[in-house]
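Work through the exercises below with the sequence and coordinates at hand. Each task is followed by a worked solution.

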Amino acid sequence: MTTNATSVADNIARIQQQLQQAATTAKRNPHSVRLIAVSKTKPTALIEQAYQAGQRDFGENYVQEGVDKVQQLAELTDICWHFIGPLQSNKTKDVAAHFDWVQSIDRLKIARRLSDQRSPELPPLQVLIQVNIDDETTKSGVSEAELMPLAEAIDALPNLELRGLMAIPAPAANSGQPTSFAAMHGLFLKLQAQYKQVDTLSMGMSDDMVAAIEHGSTMVRIGTAIFGARSA
Ligand SMILES: *Cc1c(COP(=O)(O)O)cnc(C)c1O
């Protein structure tokens, strides 16, 4: 897969078509899945190409790299920036100042700091709780048992808005996927029953987005299939 301007635009068009097809097959609204272009390690020139092709949501994993790109592309004021990587407490300030969404909340300390550091002049930071749905030691995220207490505490914070859940299931080969996606959907419905503003279930990447949509994903995070393989 190459990454010249045409191919980024072509990749986005192809993926949008696949998303709509998968949603239709699952008897869902074809426009009910939001595409996040994961641009980590990729240059701003490729983000601009995606933007020219109509893409507005971008995901970044590393704080410094993400903040640099947000600043470099500040003229593209309608980009919506999603922080999707692990977040340490000494980096929350930059994320609160520069991002629109944080999808990787996994403990109250981080949520509190983000709320304290978010300027009340900005819209509330939109947040998702990351769930470690397959209990993998290598992945961050809360356990099922920790989810509802954390959601309650986050819902009470003034400068955050709890929108839903995010997960990175284990590969199907390690008994993840359909089961993990279905379990996430169950947790999402439970959360939604309690918090009416909850509308986002972020799951599905380049290799598993169709299965994720079959199981109710409303947001997919796609890197490789848009921008090509990462060397880092
Ligand atoms: C890198 C990354 C993605 C994108 O993965 P691809 O397989 O390149 O589509 C999605 N979500 C998270 C949290 C990531 O770190």
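The exercises concern a helix, a strand and the core of this predicted model.

**Exercise 1.** Compare the expected span of helix α7 (residues 178–194) with the distance between its end C-alpha atoms, then establish how its buried residues are placed around the axis.

Solution.
- Step 1: The expected span is 1.5 Å times one less than the number of residues; for the 17 residues of α7 this gives 24 Å.
- Step 2: The end C-alpha atoms are 25 Å apart, which agrees.
- Step 3: The buried residues of α7 are Ser180, Phe181, Met184, Leu187, Phe188 and Leu191. They cover an arc of only 125 degrees around the axis and therefore lie on the same side of α7.
- Step 4: The face turned away from this buried side carries exposed Thr179 and Ala193.
- Step 5: The cover over the buried residues of α7 includes α6, β6, β7 and α8.

**Exercise 2.** Determine how strand β5 (residues 125–130) is enclosed and how β5 is joined to β4 and β6.

Solution.
- Step 1: Of the 6 residues of β5, 6 are buried, so the strand is largely enclosed by the rest of the structure.
- Step 2: Leu125, Val127 and Ile129 cover one side, and Gln126, Leu128 and Gln130 the other.
- Step 3: β4 runs parallel to β5, joined by 3 bridges; Ile105 stands opposite Ile129.
- Step 4: β5 and β6 are also parallel, with 6 bridges, and Gln130 has Met166 as its bridge partner.
- Step 5: The β4, α5, β5 unit is right-handed, as is the crossover from β5 through α6 to β6.

**Exercise 3.** Identify residues with the most contacts inside the largest nonpolar core.

Solution.
- Step 1: This core has 64 residues; Val102, Ile129 and Met184 are among those with the most contacts inside it.
- Step 2: Helix α1 supplies its largest share, 6 residues.

Note on methods:
Residues numbered from 1 in each chain as written. Predicted model: local features only at pLDDT ≥ 70, side-chain atom pairs only at ≥ 80, totals over all residues. Heavy atoms only, no water. Core = buried A, V, L, I, M, F, W, Y, C linked by side-chain atoms within 4.5 Å. Buried < 20%, exposed > 50% of the residue type's maximum accessible area, 1.4 Å probe, protein only. Helix = DSSP H or I, 4+ residues; strand = E, 2+ residues; numbered from the N terminus. Arc of directions from axis to C-beta. Contact = heavy atoms within 4.5 Å. Pairing = 2+ DSSP bridges. Right-handed = clockwise from strand over helix to strand, strands pointing away.
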